[in-house]
Amino acid sequence: MDLATLGADMTDALPKMLADIEALVTCESPSSDPAALARSADTVARIGAQRLGVAPERIVLDGRTHLRWRLGDGPSRVLLLGHHDTVWPIGTLRTHPFTVAHGVLRGPGCFDMKAGLVLAMHAAACLPDPSGVTILITADEEIGAPSSRTLIETEATGLAAALVLEAAADGGALKTERKGVSQYEVAVSGRAAHAGLEPERGVNATVETAHQVLAVTALAAPDRGTTVTPTLMSAGLTSNTVPASGAFTVDVRVRDVAEQHRIDAAMRALQPMLDGARVEITGGPNCPPLAAEASAALYARAVAVAADLGLPPPIRAAVGGGSDGNFTAGVGTPTLDGLGAVGGGAHADDEHVLVAELPASAALVAALVAGLLDEASAGPPSGPVTTFPDEVTIMRRERVVDLYSLRAGADPGPDAAVNAADLAARAAGVHVREVAEIGELEAVNRLYDTIWRPEPSSPPVPLDFLRALAKAGNYVTGAFDGPQLVGACVGFFGPPAEEVMHSHIAGVSAAAHGRSVGFALKLHQRAWAMTRGVSEIAWTFDPLVSRNAYFNLAKLAAGATEYLTDFYGGMHDGINGYDDTDRLLVRWSLHAPEVAAAGAGTVRPCDAESERRRGAVVVLACSDDGSPVPGVPDGDTLLVAVPPDITSLRAAEPERGRAWRTAVREALTSAMADGLHIAGYDKSGWYVLRRDTTEGQHA
């Protein structure tokens, strides 16, 4: 890429940029309107295909259409992230039309963030080789990413960088720090009584609610940037009755994970002040902070790139609002936000974009991506890790260095496994340890109940069985965030001569999602097993659950060896529903170099699109309406799709869920019986199967 001419090239492209922004802005896309979002996705896809030369994948989750481009060949390295939904309702264009006058572009959603989408496309389009770039454009950012969060986190995991094309802060500043967000509801129960005749017989929920509001407000820490704000509140039903109930919501903003955990623990420790009152807390952290250290290296790179382009150095800003960049930073990916349009008025009547700034913004993004791709292809990072002063950043950099030593052939023994497990736990903000006391085992049992939501007569693991496993010296561990159990894993030994362990069940609480607690648990299990002479751990997972397939086969580098039909029989719970319990059996060779590399932070590469271009045959695809579409299993490399979210599909459309079970079962069992093995899993939702060509070879 010629940086000397890049700015001029982007200036020449400005008329096309303006036309693209107009097309996006004039296609209204409120977050609450799936039909409008589908129309908007069509427009974004059409413009993206024109600029990038390839159509995107359409990912429909909860009725909202998200778009993803995987550009070029090879694994993803850099994520360009944005959203096409807006806060503006249908009809806003009648009062806020698209205009460009006196160097200012206006229209609903232009600044937040449709101009940013156009910048991303034009920046990627000018790259000499875009291989390694993923562009993800979601449809629910403005309402907290309820359907796309997992997709975002999965896409970002393990990448060199996530560049977020949200609008710049005031003055064109890049957003190098965003606060994390937690949301709670405090529900108060009292006892009703006549307010005039016998108020003393009641327990006044309004008074108790007032006490709790003051207690919650006191948790704020302005010196640490922590705000704790009671917002909506209600109590009572009539003016002459002692209220029996009350409730209020709480908005929490924090700069770091430690503060988020402190507030969460304090909220859950709230106690009633009035005799007879009860207090119930729901909610919790729903958006991790984008801490300054997550963006520091990328911001420094942006300053250097701007100088190379002859641009003034970008300033930086810390902002209170969250974005999808919080999620990418939360999975440990270096993240830089605010790379989109320069202007102002997000969510306001004066929303606008400064036209003259668009070429420079696009050039900065393009040059940043080009440099990141060049560095990724050059090999391991150089220089001392002490140039990254933050402890967590140092840990991540050490893990990258460890990965390259493993690739060079170092033998990963138990000591290295223990170190990797410790790093993973510290990065996740948890302490992983064995549990054996009855109180802690009861907590494990309750945790599993909240995750699987089983029928009362069929708990995932009975308490007496947990107690027996722990007493017999098997693997029963918990991941603790302070005193709170947020994850647990249970396994037991196989035949002694085989040096194997079966990992029976592992789960993480919803409040800890996005922190890689499950990864920390598995690395602890690996280290624990290796120090006891175990060389292999086996477990099963539902092949329809995409996130678990990616976690097991890509992130942990386990190998799928056997398809088990309806293995557990009926498991009538909130996850399995009434579906057959088909499972894939995976085996984790604990001393294998690729498993050790996975522990050091790499992800086993698997690119279904590249395989398709090389002639892979699709034997099961997903139709536009989310149904399975079988193909002809004829080839040495096969692709088998799974739905994006089978759990939601089972609940909403049981028949379609069962159709997927049958289709995936037939595709995988027939392929494996025909001599193919599961070689990997692409996080876009594809199993890749290959035919064994060497005697003795297996996955």
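Visitor: How many helices and strands does the secondary structure of the protein come to?

Guide: The model shown here is a predicted one. Its chain holds 699 residues, of which 52% count as buried. The secondary structure comes to 21 helices and 30 strands.

Visitor: What is the radius of gyration of the protein, and what does the globule rule give for 699 residues?

Guide: Along the principal axes, the C-alpha atoms fill a box of roughly 90 × 75 × 55 Å. For 699 residues the globule rule gives 27 Å, and the protein comes close to this, so it is as compact as a globular protein of that length. The radius of gyration is 26 Å, against 27 Å from the rule.

Visitor: Which residues have the most contacts inside the largest nonpolar core?

Guide: In soluble globular proteins, nonpolar side chains tend to be buried together. The largest nonpolar core of this protein has 73 residues. Those with the most contacts inside it are V430, V517, W588, I678, Y687 and L689.

Visitor: Which helix gives the most to this core?

Guide: The contributor spans residues 517-530 and supplies 9 residues to the core. Of its 14 residues, 13 are buried, so the helix is largely enclosed by the rest of the structure. The element in question is helix 16.

Visitor: How many residues has the other core, which lies apart from the largest one?

Guide: Among the members of this separate core are A41, V78, V133 and I135. One of them, A41, is a buried residue of helix 3. The core has 63 residues.

Visitor: How far apart are the end C-alpha atoms of helix 3?

Guide: Helix 3 covers residues 34-52, which makes 19 residues. At 1.5 Å a residue, it should span 27 Å, and the model agrees with this expectation. The end C-alpha atoms are 26 Å apart.

Visitor: What covers the buried residues of helix 3?

Guide: The buried residues of helix 3 include A36, L37, S40, V44 and I47. Both helices and strands take part in covering them. The cover includes helix 2, strand 1, strand 2, helix 5 and strand 6.

Visitor: Which residue caps the N-terminal end of helix 3?

Guide: The cap rests on a side-chain oxygen that lies 3.2 Å from the backbone nitrogen of A35. Just after helix 3, G53 takes a positive phi of about 80°. The residue that caps the N-terminal end is D33.

Visitor: Is E57 buried, exposed or partly exposed?

Guide: E57 has its place in strand 1. Not counting residues up to four places away in sequence, E57 touches H66, L67, R68, R70 and S684. At 27% relative accessibility, which lies between the 20% and 50% cut-offs, E57 counts as partly exposed.

Visitor: What is the C-alpha to C-alpha distance between E57 and R68?

Guide: In sequence, E57 and R68 are 11 residues apart. R68 is also among the residues that E57 touches. From C-alpha to C-alpha, the distance is 5.2 Å.

Visitor: Where is H102, and is H102 buried or exposed?

Guide: Phi of H102 is near 55°, a positive value in a residue other than glycine. H102 is placed in the loop between strand 4 and strand 5. At 84% relative accessibility, H102 counts as exposed.

Visitor: Which residues does a cis peptide bond join?

Guide: Omega of this bond is about -5°. One of the two residues, M113, has its place in helix 5. The cis peptide bond joins D112 and M113.

Technical notes:
Residues numbered from 1 in each chain as written. Predicted model: local features only at pLDDT ≥ 70, side-chain atom pairs only at ≥ 80, totals over all residues. Heavy atoms only, no water. Core = buried A, V, L, I, M, F, W, Y, C linked by side-chain atoms within 4.5 Å. Buried < 20%, exposed > 50% of the residue type's maximum accessible area, 1.4 Å probe, protein only. Helix = DSSP H or I, 4+ residues; strand = E, 2+ residues; numbered from the N terminus. Expected span 1.5 Å × (residues − 1). Contact = heavy atoms within 4.5 Å. Polar contact = N/O pair within 3.5 Å; in protein donor to acceptor, adjacent residues only side chain to side chain. Rg over C-alpha atoms; globule rule 2.2 N^0.38 Å.
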